[in-house]
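Here are my notes for your review, as numbered points. Please read them with the model open beside you.

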Amino acid sequence: MTSGSRVSILFPSFLVGTLKVFGPLLAPRVARGFLDTHGKQREVFLPFFYHWLDERPRAQDNALKLIRAQMRRERLPAPRVFHSPYLGRRFTPFRYWRNLADPTYLRHHITILQRECRFLGRLRQEFGIPQRIIYVVHLGLRGRQRPAEALHTAIGALRPALGEARDQGVILAIENVGDRLGDTDHVGGTFDEIEDALGALGGGEPDAPVGWTFDLSHALLVYRGDGEAVRTRMASLLPSLVHIHVNAPRLNVRDNGWGDRHEAPAEMSRDVWDLLRLACTSTRFRQFRTLTYEVNWAVTPLKSL
């Protein structure tokens with residue numbers, strides 16, 4: 001990074017929202033300090049504002065109204081980074097998750113992604129956001145499909161939205177995902193799959209409406225904590241990097257345990273810092289200069305959330 005390049009650090013809307021509700025009760029001084037300073041920008045989890053299953057125009061009108069009210073109330077700048085619904089895991093309510101690799105809902109996903117790009121374009125226009133909106137997406141879960149089939153389905157869901165994304169000033173930022181050590185359930189867990197998806201969608205172009213969101217913790221989990229393997233395999237993806245998720249995994253768990261705890265990187269998290277420094281050398285990342293500090297709040301009662 002050059003000295004004139006300023007990186008915007010964002011926080012997940014779920015983290016900020018949780019702090020607003022529980023922080024004053026459990027740690028009022030610390031929570032107040034956080035919300036009054038660093039919490040002024042955030043990565044917005046889209047379903048918190050927009051009921052993406054609702055096709056009626058008033059759903060978008062209401063979402064814009066809610067975002068505008070929150071910006072005014074908390075003196076927030078217009079949001080630049082949004083996250084799509086998460087993958088369906090455990091007891092996640094349906095409105096908060098979707099699986100782009102599920103062929104049963106392929107046509108449904110195509111329609112929704114195009115509509116979401118139009119919504120983000122409208123938001124960008126109404127709030128006067130000059131930069132393109134980054135929209136973080138997960139490719140999905142394999143289920144009973146072969147890896148190549150699942151990847152093909154996810155690519156098929158994203159491809160029809162590329163034209164809409166380009167017209168609306170939106171970047172579909174595919175995130176590498178992994179929940180456990182050596183995770184093989186997720187489509188796009190390995191960098192090879194991310195690279196294949198970006199290649200099929202034209203992600204190699206400098207101005208492409210598709211790019212890569214690099215989640216440091218997910219990468220270390222998928223590659224079993226081998227930082228050197230991550231560094232080697234991510235090199236070819238750097239030209240497509242548009243956004244970064246900063247967190248540290250818990251690597252000292254059993255293979256069947258959950259390793260993605262969204263913990264804050266500590267001083268001894270050398271692989272995390274080395275990977276972050278390498279990611280910041282990406283030419284395309286310098287166009288956007290946004291990273292999300294995606295960690296849980298450091299108050300014990302809140303960690304389970």
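1. Disulfides come to zero in this predicted model. The criterion is a pair of cysteine sulfur atoms within 2.5 Å, and the count under that rule is zero.

2. Two cysteines deserve a look for burial. C117 has 0% relative accessibility, so C117 counts as buried. C280 has a relative accessible area of 15%. The cut-off for buried is under 20%, so C280 is buried as well.

3. Now the overall make-up. The chain holds 12 helices and 10 strands. It has 305 residues, and 53% of them count as buried. Take the contacts in the chain with a separation of 6 or more: 79% of these join residues 24 or more positions apart.

4. Next, a helix pair. Helix α5 covers residues 147–158, and helix α7 covers residues 191–200. The two pack at an angle of about 40°, and their axes are 10 Å apart. That angle makes α5 oblique to α7. The crossing of α5 and α7 is right-handed.

5. Which residues of α5 and α7 meet? From α5 come P147, L151 and I155. From α7 come E193, D196, A197 and A200. By class, the residues of this contact are five nonpolar and two charged, with no polar ones.

6. Look at T213 in strand β8, which spans residues 210–215. Is T213 buried or exposed? Its relative accessibility is 0%, so T213 counts as buried. Setting aside neighbours within four places in sequence, T213 is in contact with V136, H243 and H245. The run A173, I174, E175 and N176 is also in contact with T213.

7. Then there is L238. This residue sits in the loop between α9 (227–234) and β9 (241–246). Although L238 is in a loop, it counts as buried, at 13% relative accessibility.

8. What does L238 touch, not counting residues up to four places away in sequence? One partner is W212. The others are L278, A279, T281 and S282. For the pair L238 and T281, the sequence gap is 43 residues. In space, their C-alpha atoms are 8.0 Å apart.

9. To check on screen: C280, which is buried at 15%, and the contacts of L238 with A279 and T281. Please also view the α5 and α7 contact, where P147 is one of the residues taking part.

Notes. Residues are numbered from 1 along each chain as its sequence is written. This is a predicted model: local features need pLDDT of at least 70, side-chain atom pairs count only at pLDDT 80 or more; totals for chains, interfaces and linings use all residues. Side-chain values use heavy atoms; hydrogens and water are left out. Axes are lines fitted to C-alpha atoms, for helices over the stretch in contact, and angles run from 0 to 180 degrees between N-to-C directions. Helices (H or I, at least four residues) and strands (E, at least two) are DSSP runs, numbered from the N terminus. Angles under 35 degrees count as roughly parallel, over 145 as roughly antiparallel, 65 to 115 as roughly perpendicular and the rest as oblique. A crossing is left-handed if the near helix is turned anticlockwise from the far one by less than a right angle, and right-handed if clockwise. Contact means heavy atoms within 4.5 Å. Ala, Val, Leu, Ile, Met, Phe, Trp, Tyr, Cys and Pro count as nonpolar, Asp, Glu, Lys and Arg as charged, and the others, Gly among them, as polar. Buried means under 20% relative accessible area, exposed over 50%, partly exposed in between (1.4 Å probe, protein chains only).
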